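Me: I've got a model open and keep tripping over the labels people put on it. Can you take me through a few of them?

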There are 2 protein chains.
Amino acid sequence: MSNRIKGVLSPVVTPFAEDSTVDLARFTTQCKWLQANQIGLAFLGTNSEANSISPDERIAMIDAVIDAGLDPSGMMPGTGSCDLPTTVRLTRHAVDRGCAGVLMLPPFYYKGVSDEGLYRYFSEVIQQVGDERLNIYLYHIPPVAQVSITLPLIERLLKSYPSVVAGVKDSSGDWNNTQAMLTHFAPEGFDVFAGSETFLLRTLRGGGAGCISATANVNAPAIHALYKSWQEPDADSQQQALDKIRQIFQQYPMIPALKSAIAHWSTTSSWTRVRPPLVELDSQQHQGLIQQLEAAGFSITGLET
Amino acid sequence: MSNRIKGVLSPVVTPFAEDSTVDLARFTTQCKWLQANQIGLAFLGTNSEANSISPDERIAMIDAVIDAGLDPSGMMPGTGSCDLPTTVRLTRHAVDRGCAGVLMLPPFYYKGVSDEGLYRYFSEVIQQVGDERLNIYLYHIPPVAQVSITLPLIERLLKSYPSVVAGVKDSSGDWNNTQAMLTHFAPEGFDVFAGSETFLLRTLRGGGAGCISATANVNAPAIHALYKSWQEPDADSQQQALDKIRQIFQQYPMIPALKSAIAHWSTTSSWTRVRPPLVELDSQQHQGLIQQLEAAGFSITGLET
């Protein structure tokens, strides 16, 4: 397990070209900036608009960053979809390209599905991919997926596939749930990632692996700094400083806000583009966000313009 | 508008082979049985497990039934997905193959999205498909999709694309909502389909076009009979008889229950297969369902064994 991915990862926001196709060159550049800031690449996540991107486009994104020479041992692309064949296809491709792991949503169309049905789904994916290099990180994000990764489901999957079921991202926003995951499964080597840096310090103190956070797209160095120094005396004050920035972003729709910030500090207005059904910030929201961030002393440096 | 599809349609349940691929031959046979019973083919719907079927498989299903000689003027396949490129691809294919219309879910991953974002999504699909033969039926199913097709959204889409936005399937289960759709839009030639035969008589009396119902997979002749004779004196008693059968199915998970009934009366046990995350009925549920249906005098005749 020593080669497992840890630390701070970012669900990399996806840049779109004028014709709304994925801007692979700009995407690769952004991934380079994140890796240079020691941030792992959990691209094709919720904040990447992954489910607004077709399976073929997702394959092309995995290929683009790896073909550009970025290190796949720092990558955990999202490969979950509602249908098994697509999930198997994307997962197999990520494994074949050497990705450290994959972040896997449960199938999220049907609601109120049973743990038995979800167990069969993940089992089938694991068996069909059939590759011992596979590391699956289960993606628990009930506010969006509306389908949960429960503790009994994790327990059952870990029992059946201990070397494949590597960890979880908990985006429930419920610390009690993260703590329960840590208590029950972290001692067995199961890697619990908090779903935002709001819980980073508590997660690390509880034996967790790090966080996978939207705002790691923008506040990368500071979040990574806390990960590296969480046992230092100033850890709590670092956490408070992170929370302050996070709270500003949370006043806006998150994905458009992240893109607005990157557009501003890269002086690249095309970064604000989102795919429907999302809508970019209007100019008042955009200006309000930037003013609040600047007033808090925040900026992003080193972005490609 | 005289060539628009009307009446009773079925979200055709999808048969899977032993290796869990779509059994295209059996699917085609089932569609023939439905067309022989005057039921329109709203295949690739919720009850078809469409979102558990990959885009390539969905294309193959559209091709299979049309290549087998079934009449595309009786077809309204589901082509909605979370991502625009896939929705455009499936929709364009259905139009190219002559389908009467397509049933289109809103993008359903992100929750709490704005009508503006949904308007942009449907607009983009319509413009990218760019074919005047396109008839879109908006699919309102908030209990599952969790993203709604609101009245203001319909109004705006109808204003922009009056010849393309042909109707709606209302699976809200809320008669007040169906009635509001009928009142506001049916007079303009917008075709409102109830989401189940429970509301068939009320929908027809309110100027609606028919229903698209799970149980049309199994209770096809009786539901069609009410559609044909809704102005006859016995219409209310026909409706009550339909409700009685529907209520039996509703005591079980609907999709596995439909497949259990078809498996029983076709003496083809493989019909019970579902894709995860769904789970087939256990033997006690299966027997309970069949006993209740037989006690109600129900059976399915003419199925290929």
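Reply: Here are some labels, each set against its cut-off. This is a predicted model, so local features need pLDDT of at least 70 and side-chain atom pairs pLDDT 80 or more, while totals for chains, interfaces and linings use all residues. Residues are numbered from 1 along each chain as its sequence is written, chains are lettered from A in the order written, and side-chain values use heavy atoms, without hydrogens and water.

Me: What makes the relation of chain B to chain A that of a two-fold axis?

Reply: Chain B lands on chain A after a turn of 180° and a shift of 0.0 Å along the axis, with an RMSD of 0.0 Å (a least-squares fit on C-alpha atoms of residues with pLDDT of at least 70 in both). That's the relation of a two-fold axis. In chain B, the C-alpha nearest the axis belongs to B:Tyr109, at 4.0 Å.

Me: Why is the pair of B:Phe185 and B:Phe190 called edge-to-face?

Reply: Rings of Phe, Tyr and Trp (its six-membered ring) pair if their centres lie within 6.5 Å; planes under 30 degrees apart are stacked, over 60 edge-to-face, the rest tilted. Here the centres are 5.7 Å apart and the planes at 70°, so edge-to-face it is.

Me: And what makes the pair of A:Phe108 and B:Phe108 tilted?

Reply: Their planes are 50° apart, with 5.8 Å centre to centre, which gives a tilted pair. Both A:Phe108 and B:Phe108 are buried (under 20% relative accessible area; exposed is over 50%, partly exposed in between, with a 1.4 Å probe and protein chains only).
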